[in-house]
Amino acid sequence: MSFENFKIIFDKIRPFVRTLDLFNWGEPFLNKDIGKMVKYVKEQKPSVRIFIDSNLNAISDDNADLIVRYGLDVLKVSCDGATQRVYEQYRRGGKIEDVLANLRRILKKKKELGGDKPRIIWKYLVFSHNEGEVAAARALADEMGIGFEVSGMRINCGKEIFEKVDDSVKRDSEWIPASDEYNNYKDLTVGKKACEKPWRTMTIDWNGNVVPCGAIYDCGKYSFGNLLKDSFGKVWNGEKFVKARKIIAGKCGDDPGVICSICKMNGYQFF
């Protein structure tokens with residue numbers, strides 16, 4: 001998303017937005033303007049809480065400076081291992097030494113500027129291959145003085161809303177951790193029975209296309225509207241959003257043309 005388009009979109013959602021996630025399907029720090037986006041939001045509406053979730057294999061000096069200087073609220077760093085051998089099994093092509101070096105650069109910048117933001121959290125997804133390094137990763141996070149968040153992995157996120165959870169588990173079983181503590185799929189009867197997202201959130205793609213949540217990969221095919229072309233009100237109260245809410249609330253029948261209907265038919269999965 002270009003910075004100019006970002007400003008157009010943010011100005012439309014500004015009266016309504018409380019939390020802004022500057023990430024979705026892709027690595028946010030590959031956008032050279034993401035630091036400028038943080039700056040713009042904080043200047044226009046300081047109360048907005050901004051979150052970034054990153055693999056942190058690459059971040060420019062400018063972006064590192066801007067996210068600290070203008071108060072990014074939370075930076076979650078996805079790093080699923082304490083050694084390169086384990087880390088690279090899921091983070092293909094990534095280098096854990098780069099992640100740790102970039103973490104230390106941001107911590108150094110916080111110290112230089114005397115700020116307490118962003119709050120930095122090491123986010124560790126537990127798979128079958130990396131259960132044994134949770135303690136070592138936690139120790140590294142403690143050594144750096146950052147938070148540590150550990151949770152079980154999810155099956156293929158691009159497919160999960162299009163299939164039953166049993167089929168997902170069968171296909172991706174080799175990745176699921178053995179420990180009950182981290183296995184999200186031990187009891188397949190436990191999960192969401194409804195979804196609040198079409199009433200509370202919207203996900204905006206790089207080109208302005210809008211879908212109700214971040215679980216939808218093809219934002220063009222399943223678009224509920226476009227915020228570069230239309231007003232917030234026209235999208236939020238548009239035909240697709242209204243129908244999605246009615247489907248979830250049981251006030252109308254299913255419609256495969258509305259992505260929320262497909263997700264509902266497949267049991268909402270675990271997200």
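Q: In this predicted model, what places Asn226 in a strand?

A: Asn226 lies in strand E8, which covers residues 225–226. A strand needs at least two residues, and E8 runs from 225 to 226.

Q: Why is Asn226 called buried?

A: The relative accessibility of Asn226 is 7%. Buried means under 20%, so Asn226 counts as buried.

Q: What makes the link between the side chains of Asn226 and Asn209 a polar contact?

A: The two side chains are joined at 3.1 Å. The cut-off for a pair of N or O atoms is 3.5 Å, and 3.1 Å is within that limit. Asn209 is also among the residues that Asn226 touches, along with Asn207, Gly208 and Val235, not counting residues up to four places away in sequence.

Q: How do you know that strands E7 and E8 pair?

A: Pairing requires at least two bridges. E7 (residues 209–211) and E8 have two bridges, in the antiparallel sense. Val210 stands opposite Gly225 in E8.

Q: Why are E6 and E8 said to stand at the edges of the sheet?

A: The three strands form an open, antiparallel sheet in the order E6-E7-E8. Strand E6 (203–204) and E8 each have a single partner strand, so one side of each is left without a neighbour in the sheet.

Q: Why is there no bond between Cys195 and Cys213?

A: A disulfide needs two cysteine sulfur atoms within 2.5 Å. The sulfur of Cys195 has its closest cysteine sulfur in Cys213, at 6.2 Å, which is too far for a bond.

Q: Why does Cys252 have no bond to Cys260?

A: Cys260 holds the cysteine sulfur closest to that of Cys252, but the distance is 11 Å, so it is too far for a bond. The structure as a whole holds zero disulfides.

Q: Why is Cys195 called buried, and why is Cys252 called partly exposed?

A: Cys195 has a relative accessible area of 12%. The limit for buried is under 20%, so Cys195 is buried. Cys252 has 28%. Partly exposed lies between 20% and 50%, so Cys252 is partly exposed.

Q: Which residues touch the most other members of the largest nonpolar core?

A: They are Phe10, Leu22, Leu103 and Trp122, in a core of 70 residues. Leaving aside neighbours within four places in sequence, the contacts of Phe10 include Val17, Leu20, Tyr40 and Val41. A second, separate core has eight residues, among them Leu125, Phe127, Met153 and Tyr185.

Conventions. Residues numbered from 1 in each chain as written. Predicted model: local features only at pLDDT ≥ 70, side-chain atom pairs only at ≥ 80, totals over all residues. Heavy atoms only, no water. Core = buried A, V, L, I, M, F, W, Y, C linked by side-chain atoms within 4.5 Å. Buried < 20%, exposed > 50% of the residue type's maximum accessible area, 1.4 Å probe, protein only. Contact = heavy atoms within 4.5 Å. Helix = DSSP H or I, 4+ residues; strand = E, 2+ residues; numbered from the N terminus. Polar contact = N/O pair within 3.5 Å; in protein donor to acceptor, adjacent residues only side chain to side chain.
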